[in-house]
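Please look over the sequence and the model below before reading on. The paragraphs that follow lead from individual charged residues to a stretch of strands and a helix.

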Amino acid sequence: MPVPGTDRRRAAVLGSPIAHSLSPVLHRAAYAELGLANWTYDRFDVGEAALPAFVEGLGPEWAGLSLTMPLKRAVIPLLDSVSETAASVDAVNTVVLTEDGRRTGDNTDIPGIVAALREHGIEKTETAAVLGAGATASSALAALSRICTGEIAVYVRSAARADEMRGWAQRLDVDVRIADWTDAEEALRAPLVVATTPAGATDALAVAVPERPTTLFDVLYDPWPTTLAARWSAYGGAVVSGLDLLLHQAVLQVEQMTGRSPAPLAAMRKAGERALADR
């Protein structure tokens, strides 16, 4: 296997749309800090239909791929193996490529959520609430299964999404209570609130932030802060941002792809914050 830093090595993030991705900024900052001068990290707009041909066309210089929507599930049939973590939610956001052609899939979002919470002093919680039931919500459930000792309330907009979340709860063996989105204000009283919804979806909930809020994990990072996060912080609550998640999952990706550990979290954070400030 090539020695990192002496042979050309490539990595990239794939998805569609992809122009907004902050991943190249974070990974390139890590390479610079680690002295991996011959490593490059790019972004490619790739949809589901084009993914098989893209993966088949990768040469031996490729070390890894980061995957975002809509590819996290579509990539699985193209892999030789998938980690237990990724299999638990049928979602791969990391592919490590070896010189002998093997492709291994993993999910660093789940441990990334756990690590981001731990960085903010949260290692265990008795109960939690999840706002939303999309793709990120399943990863949030998987992460919460590692730190939540009691019930997780999930607030959803449709019966179909409710059934999906019940399925994930059963699969992950977590105690989940499904609630209607019309009651989402009650979620804000939980000791840990995880917002997994698209931009703007929780804006109307900001008026219901309690006087003494606990911890909000909002998975968005651009635009930031969200209306909910701004009100939460103004009332003295702790806020974990989507940038925290992006950083911690990227740290794990860098370590897997380069074989270097630990990845330089501080340098990656600084680069990410600077890039967001420039947008």
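**Charged pairs and a β-α-β unit**

In this predicted model, Glu151 has a relative accessible area of 31%, and because buried is reserved for values under 20% and exposed for values over 50%, Glu151 counts as partly exposed. Glu151 forms a salt bridge with Arg177, and the closest N and O atoms of the two are 3.2 Å apart. This pair links distant parts of the chain, since Glu151 lies in the loop between helix H5 (135-147) and strand S8 (152-156), while Arg177 belongs to strand S9 (residues 176-180), 26 residues apart.

Arg177 is itself partly exposed, at 33% relative accessibility, and it also forms a salt bridge with Glu186, where the closest N and O atoms are 3.7 Å apart. Glu186, with a relative accessible area of 29%, is likewise partly exposed.

A further salt bridge is formed by Arg279 and Asp222, with the closest N and O atoms 2.8 Å apart. Here too distant parts of the chain are linked: Arg279 sits in the segment after helix H9 (265-277) and Asp222 in the loop between S11 and H7, 57 residues apart. Arg279 is partly exposed, with a relative accessible area of 47%, and Asp222 is partly exposed as well, at 39% relative accessibility. Elsewhere, Arg10, Arg28 and Asp42 are joined into one network by salt bridges that share partners; the count of salt bridges in the model comes to twelve.

The loop that holds Asp222 leads back to its two neighbours, S11 and H7. In a regular strand the side chains alternate between the two faces of the sheet. In strand S11 (residues 215-218), Thr215 and Phe217 point one way and Leu216 and Asp218 the other way, and all of them are buried. Strand S10 (residues 192-195) runs parallel to S11 and is joined to it by four bridges, with Leu192 standing opposite Thr215. S11 also pairs with strand S12 (residues 238-240), again in the parallel sense, over three bridges, and in this pairing Phe217 stands opposite Val240.

Together, S11, helix H7 (residues 227-234) and S12 make a right-handed β-α-β unit. The buried residues of H7 are Leu228, Ala229 and Trp232. Because these residues cover an arc of only 95° around the axis, they lie on the same side of H7. What covers them includes strand S7 (128-131), S10, S11 and S12. After H7 comes Gly236, whose phi is positive, near 90°.

How values were computed
Residues numbered from 1 in each chain as written. Predicted model: local features only at pLDDT ≥ 70, side-chain atom pairs only at ≥ 80, totals over all residues. Heavy atoms only, no water. Buried < 20%, exposed > 50% of the residue type's maximum accessible area, 1.4 Å probe, protein only. Pairing = 2+ DSSP bridges. Right-handed = clockwise from strand over helix to strand, strands pointing away. Arc of directions from axis to C-beta. Contact = heavy atoms within 4.5 Å. Salt bridge = Lys/Arg side-chain N within 4 Å of Asp/Glu carboxyl O.
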